[in-house]
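Student: I would like a close look at one part of this model, the surroundings of the ligand, followed by an account of how the neighbouring parts of the chain are arranged. Please take your time and connect the pieces as you go.

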Amino acid sequence: MAEGTYDVVVLGSGTGGYACALRAAELGKRVAVIERDDRLGGTCLLRGCIPSKALLESAAVMDRINRSEEWGIRASGEVDWPKVLEAERHIVEKKVAGLTGLIKARKIDVVHGTGKLAAGPAVEIDGRTLRAADVVLATGSYPRLLPDLEVTDRIITSDQALVREELPASVVIIGAGAIGLEFATVYASFGAKVTVLEALPRIAPLEDEDLSREAARAFKKKGIEAFAGVKVTGVKDAGDHVEVTHEAEGKKSETITADVCLVAVGRGPNSRGVGYEESGIELDRGYVKVDGQLQTTAAHVWAVGDVAATPLQLAHSSFLEGMAVAERIAGQEVPEIDYAGIPRVTFSSPEISSVGLTEAQAKERGHEVVTTKFNFQVLAKANIVGEGGLVKVVAEKDGPVLGVHMVGPHVTELIAEATLMYNWEAWPADVARLIHPHPTLSEGIGEAFLSLAGKPLHTM
Ligand code: NAD
């Protein structure tokens, strides 16, 4: 390709980058995407959401087989780990091919190589300069390690866990956020002894406290040992095992021995060595500073996805950011994103999901709050699928829904309805009038709202 001049050049083809490129092309812009990887898709598609969900599906099949007699089926199964990895790879390849085809169909130019932001704005890549009216930074994130720690055969992050050829018999997981809890589920389902160590006082610490409590109970029942409020003081690869030392306040330190230690303590921004600071982009602890419109501190340079200093690092918040930036570049008025209105989902077993404010956040913001909790065990469908859980609703007294929080079967799907409620500022009494199909898990939400509206059906 000749030195190009584009309307939009997007640096990075992950969820934020490709959503922006697709939308900009749809709006008639001439677009190029720069990607250093051989394949398009970024973290979510290649090393994140998609492969991890494929592993979790295999884990769920194993769980069902292990419990099959509860449903009158005599069955036994054993994991064929290479085949599990093959199924995971197959899904990723299929989705990469789909995305590559879509990018091509929208006539977006793809340039492979490591791009560097330059003044103009422009992007330099392999001695060429791509000029653009607007540049979108979407360079994503990497899994953080603890200070002084390096990846080894046995000290790994999610990047290695997704492709590791041996299935460990025992794992220590540092961090009980989304990645920690999802991998705890995978490994426990495949029979490994799993210990989770979380620095904050509870697992899933960003969720409503009731959700953390319910999830902790469920994990314990599955045999996953989770310690919260602990400090990891040492991680050592001893060759044929790892040793992880931790201490809780007021207790003496303990060392756990396991096959593998998975470090899941968050993700850091990919913002070094890509010309950002040299081009006048201000960073905030490495993340690209943006205003409410997702503009950086340099004119006509925008940032989306994990590298942007916005409140959430989620694939679907990146979709929203990417599309919003494309529309703004095309001159459309797009309102600022209310990040509380973006659903949060953890695909552990049980699943965890939420949208809106937790009870504590709502109170902090001065709302006069009413809450209700509904236990999934009351539902016929939950009994049939053999799972429990909780729906918690937080609402303004005589006002709209402020938050919906769930732990239980398929709640990562059920949260979509709650997302509408929160964002449309629905009132509990209005929601309570809408009947849910019976018998379904969605009745969990319906029953919670009936109860909040003062007319509980299957509860007291
Ligand atoms: P996270 O920030 O969600 O969780 C990391 C956890 O590690 C936190 O609870 C933190 O308190 C804990 N921690 C940090 N340092 C520690 C230490 N020294 N010892 C013990 N615990 C420590 O990060 P993550 O789970 O690594 O995920 C990274 C990002 O990717 C997050 O933004 C997450 O939301 C996102 N993600 C989302 C999904 C999903 O939506 N299903 C799945 C995976 C990842």
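**From a buried serine to the ligand shell**

Tutor: Ser354 is buried, with a relative accessible area of 0%, and it makes a convenient place to begin. The model is a predicted one, and every value below should be read with that in mind. Ser354 sits in strand β21, which covers residues 351-356, and its side chain is joined to that of Glu207 by a polar contact of 2.7 Å. Leaving out residues up to four places away in sequence, Ser354 touches Glu207, Ile342, Pro343, Arg344, Val404, His405 and Ile415. In the loop between β20 and β21 lies Pro350, and the peptide bond that joins Ser349 to Pro350 is cis, with omega at about 0 degrees.

Strand β20 leads to the ligand itself, since α6 (178-189), β10 (193-198) and β20 (344-346) each supply at least two residues of the shell around the ligand. That shell holds 23 residues, the closest being Ile179, Glu182, Glu198, Gly266 and Val345. The largest share, 3 residues, is contributed by α6. By residue class, the shell divides into 15 nonpolar, 5 polar and 3 charged residues.

Several polar approaches to the ligand can be described atom by atom. An N or O atom in the side chain of Glu182 is 2.8 Å from a nitrogen atom of the ligand, while a polar side-chain atom of Glu198 lies 2.6 Å from a ligand oxygen atom. Gly266 takes part through its backbone, where a polar atom is 2.9 Å from an oxygen atom of the ligand. Of the 830 Å² of accessible area that the ligand has on its own, the protein covers 77%.

Helix α6 also belongs to the nonpolar interior. The largest nonpolar core has 34 residues, and those with the most contacts inside it are Leu55, Ile173, Phe183, Tyr187, Val194 and Leu262. Two or more residues of this core are given by each of α3 (49-66), α4 (81-105), β9 (170-174), α6, β10, α7 (209-221) and β15 (260-263), and the largest share, 6 residues, comes from α6. Helix α6 therefore provides the largest share of the ligand shell and also the largest share of this core, as the definition of helices by DSSP runs allows one to count. Leu55 illustrates the packing: apart from its neighbours within four places in sequence, Leu55 is in contact with Trp81, Val84, Leu85, Glu88, Leu162, Phe183, Val186 and Phe190. A second, separate core comprises 33 residues, including Val355, Val393, Ala395 and Met421.

Ala395, named in that second core, is also among the residues in contact with Val369, the others being Glu359, Ala362, Lys363, Val394 and Leu402 once neighbours within four places in sequence are set aside. Val369 lies in strand β22, and although 33 residues separate Val369 from Leu402 in sequence, their C-alpha atoms are 8.6 Å apart in space. His367 is placed in the loop between α9 (359-364) and β22 (369-375). With a relative accessible area of 24%, His367 is partly exposed, and, its neighbours within four places in sequence aside, His367 is in contact with Leu357, Ala362, Glu396 and Leu402. Ala362 and Leu402 thus appear in the contacts of His367 and in those of Val369, under a contact cut-off of 4.5 Å between heavy atoms. His367 and Glu243, in contrast, are 124 residues apart along the chain, with 46 Å between their C-alpha atoms.

Some details of the backbone remain. Most residues other than glycine have a negative phi, and most peptide bonds are trans. Against that background, a second cis peptide bond can be noted, joining Gly120 and Pro121 with omega at about 5 degrees, and Pro121 is placed in the loop between β4 (116-118) and β5 (122-125). Asp126 has a positive phi, near 45 degrees, without being a glycine; Asp126 is found in the loop between β5 and β6 (128-137) and counts as exposed, at 61% relative accessibility. Ala204, also not a glycine, has a positive phi of about 45 degrees. The place of Ala204 is in the loop between β10 and α7, but this residue counts as buried because its relative accessibility is 9%, where buried means under 20%.

Methods:
Residues numbered from 1 in each chain as written. Predicted model: local features only at pLDDT ≥ 70, side-chain atom pairs only at ≥ 80, totals over all residues. Heavy atoms only, no water. Near = heavy atom within 4 Å. Polar contact = N/O pair within 3.5 Å; in protein donor to acceptor, adjacent residues only side chain to side chain. Areas by Shrake-Rupley, 256 points an atom, 1.4 Å probe, with all protein chains shown as cover. Helix = DSSP H or I, 4+ residues; strand = E, 2+ residues; numbered from the N terminus. Nonpolar A, V, L, I, M, F, W, Y, C, P; charged D, E, K, R; others polar. Core = buried A, V, L, I, M, F, W, Y, C linked by side-chain atoms within 4.5 Å. Buried < 20%, exposed > 50% of the residue type's maximum accessible area, 1.4 Å probe, protein only.
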